[in-house]
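I opened a fresh notebook page for this structure. My plan is to look up one spot at a time and write down what I find.

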Amino acid sequence: MAIANSELTESFDFSDILNRQQEQLKVMIENLYNNSPYYRQKLDQAGIKPADICTMKDLAQVPFTTKDELRRTYPMGMMAVSEEKVVRIHSSSGTTGKPVIIPYTRNDVQMWAEMMRRCLTTVGVTNTDRVQVTPGYGLWTAGIGFQAGVEKLGAMAVPTGPGNTVKQLEMMSDLKSTVLIGTSSYGLLLSEEILKRGIKESMALRLGIFGSERWGDKMRARIEENLDIETFDIYGLTEIYGPGIAIDCPQHNGLHYWCDQLLFEIIDPVTKEQLSPGEQGELVITTLTKEGLPLLRYRTHDITRIKLEKCTCGSEYPMIGRILGRSDDMVKIKGVNIYPGQIDHVLKNTEGVSSEYQLILTRKQGKDKMTLRLEIDEGYQPQTVSDNCVRNIKSKIGILTEVETVPYGTLPRSEKKSKRVFDNRE
Ligand code: ZN
């Protein structure tokens, strides 16, 4: 089972990386200024000349790039190359407003496949593996992103895409897929289906790679136990290539990220100040080599930290911690900031609670109320589990919650992302 190793002592030497990144940054900003009318205007307006930005510290004065800007410039207003260099576009789902279109050059597509190849290699996938790719294809980055990496590595892609669980399981069993890629919700759904049908023995799975949503240790443990596999967390976002910019390694200490391609900063999501390695805040990414749509200080809204420690796996790449939640998912209740990741952590340490939960916020007579709707594992006394949960939340997060228990298997499992926070306050 994947347990985070907390006994890391050797600290990571950031000095070489920082020097290299600062050199790359100078070139990147110079190119951006010359090739992107959008950014040239933006930097001019901020009174910044490319030569002003030489260090990480200088970078702090550069304005952020937001998803809203990508939307406002829809469809291709931020493209930084001429049309003939673009070989493909992807789009992120527009749950609110216009979608975002990201153009890729040939180099971008190849670099993305290379980063994905590194991810797969990091977790131990080899050219003899058969990799079932269940994320969606099409405008979405996930399916094709994984497939390109699998092909670059020389493994066999089984590109089933999402849905049609019966067919999915048939392929998995007949082709003896060894690696399963998907969202964690879908991984859980498939694993439960495999148990329900009693077909675990006909499967050859050994690894699972799950991304595109934050998932708790409890969910992870459940998938691992159900399928008898080791699982890895992968990170990425459409705006920055897609999945594959950071991945968990077999030591499970954090997610290694490709610092030769991407510059990671952590900022305080409220004051927006740059924070030091080790401090928790929002991840901000600057692309160092991306051509089609380079991004300068892109706000991901994902909450994590750059880890200070060197990984025991010996990788030369630094790590971020697992994503704790989104700064815009952060809920403020009774004056306390809460990330869903913190709830996951407490639930993981509370016996009898399943991986699935919902957080419901209501307000009555001006008073906030938080209710946790929990699934209770079979064989546990709901009242006891509920009392323990209230106590643990109070001691770890400092807030009083009400708990509502439901039987195991009753909360929705989805093929995409599970919605967990329901803020019903006006
Ligand atoms: Zn490692």
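Before the first entry I need a definition: strands are DSSP runs marked E of at least two residues, and they are numbered from the N terminus. I also note that this is a predicted model.

**Entry: Ile245**

I looked up Ile245 and found it in strand 8. Is Ile245 buried or exposed? Its relative accessibility is 0%, so Ile245 counts as buried. I then listed its contacts, leaving aside neighbours within four places in sequence. Among them are Met115, Tyr235, Leu237, His256, Trp258, Phe264 and Ile285. I also checked Ile245 against Arg118, which is 127 residues away along the chain. Their C-alpha atoms are separated by 9.3 Å.

**Entry: the zinc ion**

His256 led me to the metal. Which atoms coordinate the zinc ion? I found Cys249 (SG), His256 (NE2), Cys311 (SG) and Cys313 (SG), at 2.1 to 2.3 Å. I read the spacing of the donors along the chain as C-x6-H-x54-C-x1-C. One pair links distant parts of the chain: Cys249 and Cys311 are 62 residues apart. Cys249 sits in the loop between strand 8 (242-248) and strand 9 (255-257). Cys311 sits in the loop between strand 13 (298-304) and strand 14 (319-320). Both Cys249 and Cys311 are buried.

Next I checked the geometry. The 4 donor atoms subtend angles of 105 to 115°, so the arrangement is tetrahedral. For reference, the ideal angle for four tetrahedral donors is 109.5 degrees.

**Entry: helix 1 and helix 2**

I turned to helix packing. Helix 1 (residues 15-35) and helix 2 (residues 37-45) pack at an angle of about 105°. Their axes are 6 Å apart. Helix 1 and helix 2 are therefore roughly perpendicular to each other. On the helix 1 side, I noted Ile29, Leu32, Tyr33, Asn34 and Asn35 in the contact. Helix 2 brings Pro37, Tyr39, Arg40, Leu43 and Asp44. By class, the contact has 6 nonpolar, 2 polar and 2 charged residues.

**Entry: Pro294**

I looked up Pro294 next. Pro294 is in the loop between strand 12 (281-287) and strand 13. With 7% relative accessibility, Pro294 counts as buried. Beyond its neighbours within four places in sequence, Pro294 is in contact with Met28, Leu32, Tyr39, Ala80 and Thr287. Leu32 and Tyr39 also appear in the contact between helix 1 and helix 2. For a second distance I took Gly163, which is 131 residues from Pro294 in sequence. In space the two are 33 Å apart, C-alpha to C-alpha.

**Entry: helix 7 and helix 8**

I examined another helix pair. Helix 7 (residues 165-174) and helix 8 (residues 184-197) pack at an angle of about 75°, with their axes 11 Å apart. Helix 7 and helix 8 are therefore roughly perpendicular to each other. Helix 7 contributes Thr165, Val166, Gln168, Leu169 and Met172. Helix 8 contributes Tyr186, Leu189, Leu190, Glu193, Ile194 and Arg197. I sorted this contact by class: 7 nonpolar, 2 polar and 2 charged residues.

**Entry: Thr134**

Where is Thr134? I found Thr134 in the loop between strand 3 (130-133) and helix 6 (142-153). Thr134 counts as buried, at 2% relative accessibility. Leaving aside neighbours within four places in sequence, its contacts include Thr160, Pro162, Gln168, Leu180 and Tyr186. Gln168 and Tyr186 are also part of the contact between helix 7 and helix 8. Thr134 and Tyr186 are 52 residues apart along the chain, and their C-alpha atoms are separated by 8.5 Å.

**Entry: backbone checks**

Most residues other than glycine have a negative phi, and most peptide bonds are trans. I looked for departures.

- Asn164 has a positive phi, near 45°. Asn164 lies in the loop between strand 4 (156-158) and helix 7. Asn164 is exposed, with a relative accessible area of 54%.
- Asp228 has a positive phi, near 60°. Asp228 lies in the loop between helix 9 and strand 7 (230-237). At 60% relative accessibility, Asp228 counts as exposed.
- The peptide bond from Tyr74 to Pro75 is cis, with omega near 0°. Pro75 is in the loop between helix 4 (67-72) and strand 1 (86-92).

**Entry: helix 10**

My last stop was helix 10 (residues 340-348). Its buried residues include Pro340, Ile343, Val346 and Leu347. The buried residues pack against several elements, including helix 9 (217-227), strand 18 (353-364) and helix 11 (382-397).

How values were computed:
Residues numbered from 1 in each chain as written. Predicted model: local features only at pLDDT ≥ 70, side-chain atom pairs only at ≥ 80, totals over all residues. Heavy atoms only, no water. Donors = N, O, S within 2.8 Å, 3.2 Å for Na, K, Ca; no water. Tetrahedral: all angles 85-135°; square planar, octahedral: opposite > 155°, others 65-115°. Helix = DSSP H or I, 4+ residues; strand = E, 2+ residues; numbered from the N terminus. Buried < 20%, exposed > 50% of the residue type's maximum accessible area, 1.4 Å probe, protein only. Axes fitted to C-alpha atoms, helices over the stretch in contact; angles between N-to-C directions. Parallel < 35°, antiparallel > 145°, perpendicular 65-115°, else oblique. Contact = heavy atoms within 4.5 Å. Nonpolar A, V, L, I, M, F, W, Y, C, P; charged D, E, K, R; others polar.
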